[in-house]
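Reader: Before I rely on the terms used for this protein, I would like to see each one set against the criterion behind it. Could you take me through them one at a time?

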Amino acid sequence: MATPTIPDKFLPVLTEKKAFAHLATIMPDGTPQVTPVWFFYKDGKFVVNTARGRVKDRNMSKNAKVALSITDPDNPYAHIAVRGKVVRATEEGASAGIDAMAKKYLGQDKYPFARPGEVRVIYEIQPTSVSAMG
């Protein structure tokens, strides 16, 4: 049964491993759009970071309903599916945030894929429903 609580056995996947999340957002015409993203799990929320103007940014700015699918990188049969809503979006600290994600995922101090003039934004996602398997 779905609950808004992350099962304890999945916390290491979310906080210690280099697991990717597949973020589903809703396009203006109502169709889903899915993108693999880096994330942090902090204080019961998922934190993703993107650049202004990207599809996921535009979608989350207009519709707070999202979903995340996360597979344990060490066990592809263990995964969690999260439905949630964006509860905060901010540009404050977003450049430092993407650098922290680059450290986690790439072992690099600076995000190496930044483009000139790019404005970063942080989205915080509050789970409303979580189901887990494995």
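Author: Let us begin with a pair of side chains, keeping in mind that this is a predicted model. The side chains of threonine 25 and asparagine 59 are joined by a polar contact of 2.9 Å.

Reader: What makes the pair of threonine 25 and asparagine 59 a polar contact?

Author: The cut-off for such a pair of N or O atoms is 3.5 Å, and the side chains of threonine 25 and asparagine 59 are joined at 2.9 Å, so the distance criterion is met.

Reader: Where do these two residues lie, and why are they called buried or exposed?

Author: Threonine 25 belongs to strand 1, while asparagine 59 is part of helix 2. Buried means a relative accessible area under 20%; threonine 25 has 2% and is therefore buried, and asparagine 59, with 4%, is likewise buried.

Reader: Which residues is threonine 25 in contact with, apart from its neighbours within four places in sequence?

Author: Threonine 25 is in contact with Thr31, Pro32, Gln33, Lys56, Asn59, Met60 and Val66. Asparagine 59, on the same kind of count that leaves out residues up to four places away in sequence, touches Thr25, Ile26, Met27, Pro28 and Gln33.

Reader: What is known of aspartate 57, and what makes it buried or exposed?

Author: Aspartate 57 lies in helix 2, and its relative accessible area of 4% falls under the 20% limit, so the residue is buried. Its C-alpha atom is separated by 9.2 Å from that of threonine 25, although the two residues are 32 apart along the chain.

Reader: Which polar partners does aspartate 57 have?

Author: A polar contact of 2.5 Å joins its side chain to that of tyrosine 123, and a polar atom of the aspartate 57 side chain lies 2.8 Å from the backbone nitrogen of glycine 53. Leaving out residues up to four places away in sequence, aspartate 57 touches Thr50, Ala51, Arg52, Val121 and Tyr123.

Reader: How do you know that strand 4 and strand 7 are paired, and in which direction do they run?

Author: Pairing requires at least two bridges; six bridges join strand 4, residues 45–51, to strand 7, residues 120–133, so the requirement is met, and the two strands run antiparallel. Within this pairing, valine 48 stands opposite tyrosine 123.

Reader: What packs on the sheet beside these strands?

Author: Helix 3, residues 94–106, packs on the sheet and touches strand 3, strand 4, strand 6 and strand 7, its direction making about 105° with that of strand 4. Helix 2, residues 55–62, lies across strand 1, strand 2, strand 4, strand 5, strand 6 and strand 7, and runs at about 55° to strand 1.

Reader: How do you know that strand 1 and strand 2 pair as well?

Author: Six bridges join strand 1 to strand 2, and since at least two are needed, they count as a pair, here an antiparallel one. Leucine 23 has threonine 35 in strand 2 as its bridge partner, and in the hairpin, which has five residues between the strands, glycine 30 takes a positive phi near 90°. Strand 2 also has a covered face, made of Gln33, Thr35 and Val37, and an uncovered one with Pro32, Val34 and Pro36.

Reader: What is the strand order of the whole sheet, and why are some strands said to stand at its edges?

Author: The open sheet of seven strands has the order 2-1-5-6-7-4-3, with antiparallel pairing. Strand 2 and strand 3 each have a single partner strand, so one side of each is left without a neighbour in the sheet, and they stand at the edges. Neighbouring strands of this sheet are turned by 35° against each other on average, direction ignored.

Reader: Why is aspartate 43 called exposed, and what is notable about its phi?

Author: Exposed means a relative accessible area over 50%, and aspartate 43, with 68%, is therefore exposed. Aspartate 43 is found in the loop between strand 3 and strand 4, and its phi is near 55°, a positive value in a residue other than glycine.

Reader: Finally, what makes the protein chain as compact as a globular protein of its length?

Author: The chain has three helices and seven strands. Its radius of gyration is 14 Å, close to the 14 Å that the globule rule gives for 134 residues, so the chain is as compact as a globular protein of that length.

Notes:
Residues numbered from 1 in each chain as written. Predicted model: local features only at pLDDT ≥ 70, side-chain atom pairs only at ≥ 80, totals over all residues. Heavy atoms only, no water. Helix = DSSP H or I, 4+ residues; strand = E, 2+ residues; numbered from the N terminus. Axes fitted to C-alpha atoms, helices over the stretch in contact; angles between N-to-C directions. Contact = heavy atoms within 4.5 Å. Rg over C-alpha atoms; globule rule 2.2 N^0.38 Å. Buried < 20%, exposed > 50% of the residue type's maximum accessible area, 1.4 Å probe, protein only. Polar contact = N/O pair within 3.5 Å; in protein donor to acceptor, adjacent residues only side chain to side chain.
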